[in-house]
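Colleague: Before we look at anything in detail, could you take me through how features of a model like this are read, moving from the general idea to the particular case?

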Amino acid sequence: MSSAVEYLYIHIPFCIRKCPYCDFYSVPFRPQLAEAYVNALCTEMELRRDAAKDLRTVYMGGGTPGILSGDEIAGILTAAKATFSIRPGAEITVETNPGTVSLEKMKILHGAGVNRISIGVQSLHERELAALGRSHTADDALRAVHDARGAGFDNISIDLIYGIPGQTLQTWEATVLKALESSPEHISTYELTPEKNTPLYRSIGQGAVTLPDEEIVTEMYYRGTGLLKEHGYVHYEISNCAKPGYECVHNLNYWNRGEYLGLGTGAHSFSNARRSGKIKAVSGYIQSIAKGDIPVTEELDIKGADEIREFIFLGMRTLAGLDIRQVPGGESILKSKAVEELVRLGLVEIAGDFLRLTGKGLVLSNEVFVRMF
Ligand code: SF4
């Protein structure tokens with residue numbers, strides 16, 4: 001394996017406020033702290049100058065990266081170019097939320113070389129946005145997509161959530177159809193899963209909030225992806241659909257178990273069969289980087305059964321499926337009792353050298369993985 005990776009993730013841990021369903025680490029945005037963080041990121045690039053080269057993708061995720069000023073984002077990209085060099089035509093994504101990006105900021109990002117923008121729309125129904133505790137309205141979301149187009153973006157991705165308290169099949173369909181009117185190149189649909197230690201989880205436990213029935217949620221998944229396919233999108237990963245040719249290159253690298261470098265708080269890296277993660281606290285990160293130390297908190301060599309599990313868990317998320325030839329001992333997986341049983345249950349299928357989830361298996365993917373492990 002190469003020692004310099006070609007995929008770069010940059011984590012921006014700031015948000016306007018905490019959404020009640022979110023268990024990601026993020027802190028409230030403060031301009032001075034953000035400035036210090038951006039400087040630390042650029043220093044971390046210097047410290048890891050030899051870890052990545054000739055980048056094929058740069059992905060700024062969060063948190064809410066779009067909350068930074070246009071100049072800060074442009075500055076991070078300039079530093080990435082100078083430190084690692086970015087290939088012509090590389091996919092450069094910035095995640096953002098409606099309400100944090102103006103047309104003017106979008107233009108700065110586009111001018112700085114960002115060529116893919118991912119917008120956290122979530123729903124186009126006001127009551128559902130309120131149930132999610134989002135800080136934007138449906139109009140803000142549509143305006144953000146419109147502004148992205150106006151700023152010159154021809155690769156726009158939006159995130160939508162289904163299974164929201166109070167959501168019905170009809171309101172979900174209405175959101176998807178409304179979203180399709182803006183013709184984004186890429187649409188991700190995620191099921192709302194109440195994570196422990198979130199206010200939403202507690203509200204559900206106390207009976208103050210109820211999620212839609214499981215069968216309805218399953219129907220939402222099929223209906224959502226079905227509508228997208230009817231409109232010419234390719235369903236290429238459990239939660240992701242794209243117009244042909246607009247599949248997310250950066251995320252495909254994760255699912256193909258490719259190597260990547262992660263910069264910033266809590267960001268993970270994977271290279272030479274080793275996964276590593278960093279400190280999450282922003283101030284701890286900034287202090288450590290200022291001393292020239294990369295605050296790695298965990299390192300794990302992925303070998304043997306762990307390696308095989310990763311191949312299965314990641315590769316089978318894609319609709320193309322897991323290329324069994326990549327997996328050590330892959331042939332024996334195809335002949336295993338677990339796979340035989342899953343084929344019998346209609347949850348997975350074998351197509352040539354690929355093992356993949358069926359339509360039924362897509363919604364029961366967690367169960368499939370548990371049985372296979
Ligand atoms: S904006 Fe995104 S990252 Fe930030 S709190 Fe909400 S869901 Fe979490």
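Modeller: What follows goes from the overall fold to one helix, then to the ligand shell and a few single residues.

Modeller: This is a predicted model, in which local features need pLDDT of at least 70 and side-chain atom pairs count only at pLDDT 80 or more, while totals for chains, interfaces and linings use all residues. Residues are numbered from 1 along each chain as its sequence is written, and side-chain values use heavy atoms, with hydrogens and water left out.

Colleague: How many helices and strands are there in the protein?

Modeller: Helices (H or I, at least four residues) and strands (E, at least two) are DSSP runs, numbered from the N terminus. By that rule the protein has 15 helices and 17 strands.

Colleague: What radius of gyration does the protein have, and what would a compact globule have?

Modeller: The radius of gyration is taken over C-alpha atoms, and the globule rule is 2.2 Å times the number of residues to the power 0.38. For 373 residues the rule gives a value near 21 Å, and the protein agrees with it at 21 Å. The C-alpha trace spans about 55 × 50 × 40 Å along its principal axes.

Colleague: What share of the residues is buried, and what share of the contacts joins residues 24 or more positions apart?

Modeller: Buried means under 20% relative accessible area, exposed over 50%, and partly exposed in between, with a 1.4 Å probe and protein chains only. Buried residues make up 51% of the 373 residues. A contact means heavy atoms within 4.5 Å, and of the contacts with a separation of 6 or more, 69% are between residues 24 or more positions apart. Accessible areas come from the Shrake-Rupley method with a 1.4 Å probe, and for residues only the protein chains shown count as cover; the accessible surface of the protein comes to about 16,800 Å², of which 52% belongs to carbon and sulfur atoms.

Colleague: How should I read a single helix, and what span should H8 have?

Modeller: An α-helix has 3.6 residues a turn, so residues three or four places apart point the same way. The expected span is 1.5 Å times one less than the number of residues; for the 17 residues of H8 (residues 214-230) this gives 24 Å, in agreement with the 24 Å between its end C-alpha atoms. Its buried residues are Val217, Met220, Tyr221, Gly224, Thr225, Gly226, Leu227 and Leu228. These buried residues pack against several elements, among them strand S7 (156-162), helix H6 (169-181), strand S8 (186-191) and helix H14 (359-363). Just after H8, Gly232 takes a positive phi of about 90 degrees.

Colleague: Which residues does Lys360 touch?

Modeller: Lys360 lies in helix H14 and is partly exposed, with a relative accessible area of 45%. Not counting residues up to four places away in sequence, Lys360 touches Tyr222, Leu345, Gly346 and Leu347. The C-alpha atoms of Lys360 and Thr225 are separated by 13 Å, although their positions lie 135 residues apart along the chain as a separation.

Colleague: Which residues are around the ligand?

Modeller: A residue is near a molecule if one of its heavy atoms lies within 4 Å of it. The residues around the ligand are Cys15, Arg17, Lys18, Cys19, Tyr21, Cys22, Gly63, Thr64, Asn97 and Arg134. Ala, Val, Leu, Ile, Met, Phe, Trp, Tyr, Cys and Pro count as nonpolar, Asp, Glu, Lys and Arg as charged, and the others, Gly among them, as polar; by class, the shell has four nonpolar, three polar and three charged residues. Gly63 lies in the loop between strand S4 (52-62) and helix H2 (70-84), and a cis peptide bond, with omega about 20 degrees, joins Gly62 and Gly63.

Colleague: Where are Gln122 and Ser183 found?

Modeller: Gln122 is in strand S6 (residues 116-122), where it counts as buried at 8% relative accessibility and has a positive phi of about 70 degrees although it is not a glycine. Ser183 is in the loop between H6 and S8, is partly exposed at 29%, and has a positive phi of about 50 degrees, again without being a glycine. Strand S6 also holds Ser118, which is buried with a relative accessible area of 5%.
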